[in-house]
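The exercises below are intended for a reader who meets this structure for the first time. Each consists of a task, followed by a solution in steps.

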Amino acid sequence: MWKGKTVVLGVTGGIACFKAAALCSKLAQTGAEVRVIMTESATKFVAPLTFQTLSRHDVIVDTFDEKDASVVSHIDLADSADLIVIAPATANMLAKMAHGLADDMLSTTLLASTAPVLVAPAMNVHMYAHPAVQANMDILRARGIFFVEPGEGQLACGYVGKGRLAEPEEIMTVIQRMLHPRQSLSGRKVLVTAGGTLERIDPVRYITNDSSGKMGFAIAETARDMGAQVTLVRAKTSIEPPSGVEVVNVVSTLDMMEAVQTRFEHMDIVVKAAAVSDYRPVETADKKIKKKEDSLTLSLVKNPDILQWLGEHKTNQFVIGFAAETNDGELYAMDKVRRKKSDLLVLNDVTVPGAGFGTDTNVVKLYDEAGLIRALPLMDKREVARELLELAAARLSARDAVTIHGSDR
């Protein structure tokens, strides 16, 4: 499966370089073409000869060390890469990537490549937690860069905490998933709702919420990569939707309800990740409401509950709901999953750092009517989407198998 694939391995200067050698060896053993770029600092820890021997290719360090006159090395590497992996990635390299610097061979190649990029950071615990480093990682995640979170434990500097380079086996698992994504939703139709609905008060004012749409978009994108035919019902969002999916634009909760209802019958999985408005104004003014009194009373009426409608009308569809909570999360999650007859419910405590609206990461717990299934740590929203959809695909397949077996009897 790996033959014909080219992985560019970028190695930056940190004590964890020795793990990069093990990663290089594992990649070469798969049959993939492994091309290694080292920063000057990395060569202070491990000699280029080590990676040359393991990859069976010249290791490139100097941008101007052009060995083949027929190509420009950094362009040739950038064009040939099916995946670029940076392990270990120092705080310095993260900063270069975030701000578009190109002052060495690795950063120059990164700017010239359109291949997916996987980054495995490794550094001191305080460096990793520094706001500047976290901000740079947020910038990169927003651009579509994937991360393998560092591990926790004894660091080379003597500190204990988060900052250890992920183990080569863990990085290989993510590489495998990126190069050969499982098509476990092949042939399935998936509908995802995303964003925050908007309820008009008058032509210039409205009621809405802080949803960015990022979690719903991550689910739609991941479902697409897993082979599904995806319909994305999109309300107000802060980013553009993924390509390769059918996008249905809506504004209000009633709009979203109609869009979901008309498509529900033909779906296999419905993920209601949108943050819908629970209430809407009884009347919407056709002209801007002028400021006259010291107070304004706004009468609201309850919106229909889309998730509850899905639960009550599902036949063979697999329905996944979301619950954004600030307190008593498990209590509300269990009530919601049972009362609304969802197959799965994703609890998102928006008070947890790195979770909630507008972030590129999330911390969630997955529930069914029996209780907690899985608690996921801080992860990129695309990784959360992958975990969620793999679970849904497995349960849907198991349900289909039982149905087929029962019909055979």
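## Exercise 1: A salt-bridge network

Task: State which residues are linked with Lys19 in a network of salt bridges, and place Lys19 in its helix.

Solution. Step 1. The model under study is a predicted one. In this model, salt bridges join Lys19, Arg164 and Glu167 into a network.

Step 2. Lys19 is one of the buried residues of helix α1; among the others are Cys17, Ala20, Leu23 and Leu27.

Step 3. Helix α1 covers residues 17–29, which makes 13 residues. From its first C-alpha to its last it reaches 19 Å, close to the 18 Å expected at 1.5 Å a residue. Gly31, with a positive phi near 100°, follows α1.

## Exercise 2: Salt bridges between pairs

Task: Determine how many salt bridges a search of the whole structure finds, and describe the pairs formed by Arg177, Arg395 and Glu221.

Solution. Step 1. The search yields 21 salt bridges. In general, side chains of opposite charge can pair when their charged atoms come close.

Step 2. Arg177 pairs with Glu383, and their closest N and O atoms are 2.5 Å apart. This pair links distant parts of the chain, since Arg177 belongs to helix α8 (residues 168–179) and Glu383 to helix α13 (residues 381–408), 206 residues apart. Arg177 has a relative accessible area of 25% and is therefore partly exposed. Glu383, at 12%, is buried because its value falls under the 20% limit.

Step 3. Arg395 forms a salt bridge with Asp368, with 2.9 Å between the closest N and O atoms. Here too distant parts of the chain are linked: Arg395 lies in helix α13 and Asp368 in strand β19, 27 residues apart. Arg395 counts as partly exposed at 30% relative accessibility, while Asp368 is buried at 13%.

Step 4. Glu221 pairs with Arg224, the closest N and O atoms being 3.8 Å apart. Both residues belong to helix α9 (residues 214–225) and lie three residues apart, about one turn of the helix. Glu221 is partly exposed, with 26% relative accessibility, and Arg224 is partly exposed at 23%.

## Exercise 3: The eight-stranded sheet

Task: Give the order of the eight strands in the open sheet, and identify the helix that packs on the sheet.

Solution. Step 1. The order is β12-β11-β8-β13-β16-β17-β19-β20, with mixed pairing. The edges are formed by β12 (246–249) and β20 (371–375), each of which pairs on one side only. On average, neighbouring strands of the sheet are turned by 20° against each other, direction ignored.

Step 2. Within the sheet, β17 (residues 344–349) and β19 (residues 364–368) pair in the antiparallel sense over four bridges. Leu345 stands opposite Tyr367 of β19.

Step 3. The helix that packs on the sheet is α12 (residues 329–339), which touches β16 (318–325), β17, β19 and β20. The direction of α12 makes about 155° with that of β17.

## Exercise 4: A residue in strand β8

Task: Decide whether Thr193 is buried or exposed, and name residues in contact with Thr193 beyond four places in sequence.

Solution. Step 1. Thr193 is found in strand β8, residues 189–194.

Step 2. The relative accessible area of Thr193 is 1%, so Thr193 is buried.

Step 3. With neighbours within four places in sequence left aside, Thr193 is in contact with Gly216, Val233, Met256, Val260, Val271, Lys272, Ala273 and Ala274.

Notes
Residues numbered from 1 in each chain as written. Predicted model: local features only at pLDDT ≥ 70, side-chain atom pairs only at ≥ 80, totals over all residues. Heavy atoms only, no water. Helix = DSSP H or I, 4+ residues; strand = E, 2+ residues; numbered from the N terminus. Expected span 1.5 Å × (residues − 1). Buried < 20%, exposed > 50% of the residue type's maximum accessible area, 1.4 Å probe, protein only. Pairing = 2+ DSSP bridges. Axes fitted to C-alpha atoms, helices over the stretch in contact; angles between N-to-C directions. Contact = heavy atoms within 4.5 Å. Salt bridge = Lys/Arg side-chain N within 4 Å of Asp/Glu carboxyl O.
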